[in-house]
Amino acid sequence: MNMKLSKTLSTLLDDPRLFRQYAYVDGKWTHGEGGREEAVFDPATGEALGHIPWLEPEQIRGAVDAAEAAFVHWRALRADERCERLLAWYDLLQANREDLATIMTLEQGKPLPDARGEVEYGASFVRWFAEEGKRTYGDTIPSHIPNAALGTIKEPVGIAALITPWNFPLAMITRKAAAAMAAGCPVIVKPAGETPFSALALAELAERAGIPAGVFNVVLGEAAEVSRILCAEERVKALSFTGSTRVGRLLLEQCANTVKRVSLELGGNAPFIVGPDMDPKEAAYAAVAAKFQTAGQDCLAANRILVHESIHDAFVEQFAERMAALTVGNGLESEIDLGPLIHRQAVEKAASIVDDAISRGATLAAGDQSAAPGPNFFMPVLLTGVTPQMKVWNEENFAPVAGITAYSDDDQVIEMANDTEYGLAAYVYTHDIRRIWKLLRALEYGMVSVNSVKMTGPPVPFGGVKQSGLGREGGITGIDEYLETKYYCLGALGSVSGS
Ligand SMILES: NC(=O)c1ccc[n+]([C@@H]2O[C@H](COP(=O)([O-])OP(=O)(O)OC[C@H]3O[C@@H](n4cnc5c(N)ncnc54)[C@H](O)[C@@H]3O)[C@@H](O)[C@H]2O)c1
Ligand SMILES: N[C@@H](CC=O)C(=O)O
């Protein structure tokens with residue numbers, strides 16, 4: 001392990017113990033028994049921030065043993081007792097917000113204000129589910145059987161494996177883990193190899209909050225190997241995955257043998273529809289906000305911007321002006337709007353998407369890559385004349401590449417917007433109530449946001465349709481992913497049971 005570089009990250013923290021370079025299993029910081037490890041890089045500078053061990057298969061199964069043992073006690077706690085421990089975790093997340101944000105900016109690259117926002121956002125799920133755990137009500141069922149009482153109770157499903165991506169390294173964990181833990185389930189988190197340190201800081205704070213050993217575990221290792229073991233394990237009852245549709249499909253297949261509960265939050269290809277009645281400037285500013293957050297590496301990023309032909313040119317002009325004002329640089333510096341992309345392959349993918357669009361007739365309206373401040377940076381790009389034949393239309397570009405297309409009427413834009421295998425989120429900008437209702441109903445998306453860039457938060461049932469996923473996270477439905485419904489029939493009660 002490179003102590004000099006590790007020291008560099010820890011010296012930036014008020015509490016250096018939040019920077020951990022071990023896995024966390026059964027309440028213990030754990031190294032890999034086979035000596036395998038992986039370096040973690042700052043995408044802004046390319047420097048190694050530290051190293052993480054890869055656990056061996058037996059150690060991954062050891063995490064399942066630990067979770068199995070912890071389940072007995074954790075599920076037996078009253079909901080309000082679990083709530084207290086989760087609220088203590090929430091308080092610690094808030095108290096350590098600045099350090100958590102620094103760790104996140106260093107490993108993920110997003111600007112520090114965005115990282116602070118994500119810590120706040122991630123913590124909000126812990127508070128929400130801490131409370132929601134007290135409301136996992138069952139039902140009373142009017143009996144059709146003589147002298148019987150019927151009903152349901154909710155029980156924790158069991159051990160949950162949580163596999164998460166690098167673009168939101170903290171909130172994608174807490175949205176799952178807090179729901180599972182509030183329901184009474186222990187969790188085994190497998191974070192992305194690019195951003196493990198946020199997950200490990202969460203583990204450190206969970207321990208300080210009094211979450212018992214084995215309830216919150218973080219395993220590290222070769223992604224495909226770890227996932228295969230967790231999916232094959234019969235004792236793991238639920239898998240919740242956030243990441244690409246490609247990997248989501250693989251994991252769904254791998255969970256078939258043990259018939260697990262599977263929740264998938266996968267890729268998006270969000271249309272951003274602008275109606276003819278909109279002020280071009282208002283709509284363009286909103287579209288820039290919906291496109292460039294986290295440098296476009298957001299499942300909710302506006303991927304295809306569809307603008308009514310009557311205001312198309314004015315919209316493009318306003319969009320370009322607003323986009324030109326965005327600053328690109330190291331997220332630790334002040335006044336930065338876009339940090340780096342996660343790694344060099346992401347930059348290469350973005351460049352190939354732009355080249356493909358230009359070769360198929362799109363116009364490069366803005367986006368000079370010679371101004372990029374480093375090899376992992378990609379300057380915002382504006383393409384006009386985008387068509388369905390282009391990758392920028394069909395693929396989730398996950399980069400600061402905006403593609404704009406003109407349309408002529410509502411029926412056409414509905415067809416265009418739905419022309420994708422994805423169905424996560426869609427944006428609609430118009431003040432015409434009839435158009436709003438028509439689009440809202442016709443769009444094949446799990447979430448539709450009208451005249452608002454911000455759409456997420458703890459009360460929201462977050463999730464997609466089509467190949468964007470299965471299930472919902474957050475909201476009153478989020479905890480159901482970790483609960484079984486047990487039906488009971490109490491027979492031979494005598495006439496007192498009523499109906
Ligand atoms: N719908 C949502 O809520 C949501 C939220 C955030 C990100 N995402 C999606 O995530 C994607 C970007 O994240 P990413 O690049 O980290 O995704 P990814 O699918 O490459 O990786 C996600 C996780 O899966 C692991 N993984 C990678 N390859 C694997 C394999 N072969 N077998 C098992 N596990 C494997 C990774 O280590 C990581 O932990 C985008 O498609 C984005 O839209 C979706
Ligand atoms: N912004 C999304 C994460 C997608 O990448 C969220 O709020 O969950």
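**Reading two ligand shells and a small sheet**

Modeller: Let's start with one atom pair in this predicted model: a backbone N or O atom of glycine 243 lies 3.4 Å from an oxygen atom of ligand 1.

Colleague: How do I read a distance like that?

Modeller: Two N or O atoms within 3.5 Å are called a polar contact. The glycine 243 pair, at 3.4 Å, falls inside that cut-off.

Colleague: Which side chain has an N or O atom 2.4 Å from an oxygen atom of ligand 1?

Modeller: That's glutamate 396. There's also serine 227, with a side-chain N or O atom 3.1 Å from a nitrogen atom of ligand 1. As for cover, ligand 1 exposes 840 Å² when taken alone, and the protein buries 88% of that.

Colleague: How many residues surround ligand 1?

Modeller: There are 29, and the closest are Thr164, Lys190, Ser244, Leu266 and Glu396. Sort the shell by class and you get 17 nonpolar, eight polar and four charged residues.

Colleague: Which helices and strands each supply at least two residues of that shell?

Modeller: Look for α6 (171-183), α8 (223-232), β10 (236-242) and α9 (245-254).

Colleague: And where does ligand 1 lie relative to domain 1 and domain 2?

Modeller: The trick is to ask which domains give residues to the shell. Domain 1 (14-266 + 468-485) and domain 2 (270-450) both do, so ligand 1 lies between them.

Colleague: Let's try ligand 2. Which residues are around it?

Modeller: Go and find Tyr121, Asn167, Phe168, Met172, Arg175, Asp298, Cys299, Leu300, Thr456 and Phe462. By class, that shell divides into six nonpolar, two polar and two charged residues.

Colleague: Which side-chain atoms lie 2.5 Å, 2.8 Å and 2.9 Å from atoms of ligand 2?

Modeller: Take them one by one. Tyrosine 121 has a side-chain N or O atom 2.5 Å from an oxygen atom of ligand 2. For asparagine 167, a side-chain N or O atom is 2.8 Å from an oxygen of the ligand. Aspartate 298 puts a polar side-chain atom 2.9 Å from a nitrogen atom of ligand 2. On its own, ligand 2 has 260 Å² of accessible area, and the protein covers 96% of it.

Colleague: Why does ligand 2 lie between domain 1 and domain 2?

Modeller: Use that shell trick again: both domain 1 (14-266 + 468-485) and domain 2 (270-450) give residues to the shell, so ligand 2 sits between them.

Colleague: Now a sheet. In what order do β5, β6 and β20 come?

Modeller: These three strands form an open sheet, ordered β5-β6-β20, with antiparallel pairing. β5 (140-141) and β20 (483-490) are at the edges with a single partner strand each, so one side of each has no neighbour in the sheet. Two bridges join β5 to β6 (residues 149-156), and isoleucine 141 stands opposite leucine 150 in β6.

Colleague: Last one: how many helices and strands does the protein have?

Modeller: It has 15 helices and 20 strands. For overall form, compare the radius of gyration with the globule rule: 24 Å is close to the 23 Å given for 499 residues, so the protein is as compact as a globular protein of that length. Along the principal axes, its C-alpha atoms fill a box of roughly 75 × 65 × 40 Å.

Methods. Residues are numbered from 1 along each chain as its sequence is written. Chains are lettered from A and ligands numbered from 1 in the order in which they are written. This is a predicted model: local features need pLDDT of at least 70, side-chain atom pairs count only at pLDDT 80 or more; totals for chains, interfaces and linings use all residues. Side-chain values use heavy atoms; hydrogens and water are left out. Two strands pair if DSSP finds at least two bridges between them. Helices (H or I, at least four residues) and strands (E, at least two) are DSSP runs, numbered from the N terminus. A residue is near a molecule or strand if one of its heavy atoms lies within 4 Å of it. A polar contact is a pair of N or O atoms within 3.5 Å; within protein, one must be able to donate a hydrogen and the other to accept it, and residues adjacent in sequence count only if both atoms are side-chain atoms. Accessible areas come from the Shrake-Rupley method with a 1.4 Å probe; for residues, only the protein chains shown count as cover. Ala, Val, Leu, Ile, Met, Phe, Trp, Tyr, Cys and Pro count as nonpolar, Asp, Glu, Lys and Arg as charged, and the others, Gly among them, as polar. Domain bounds come from an automatic or database domain assignment. The radius of gyration is taken over C-alpha atoms; the globule rule is 2.2 Å times the number of residues to the power 0.38.
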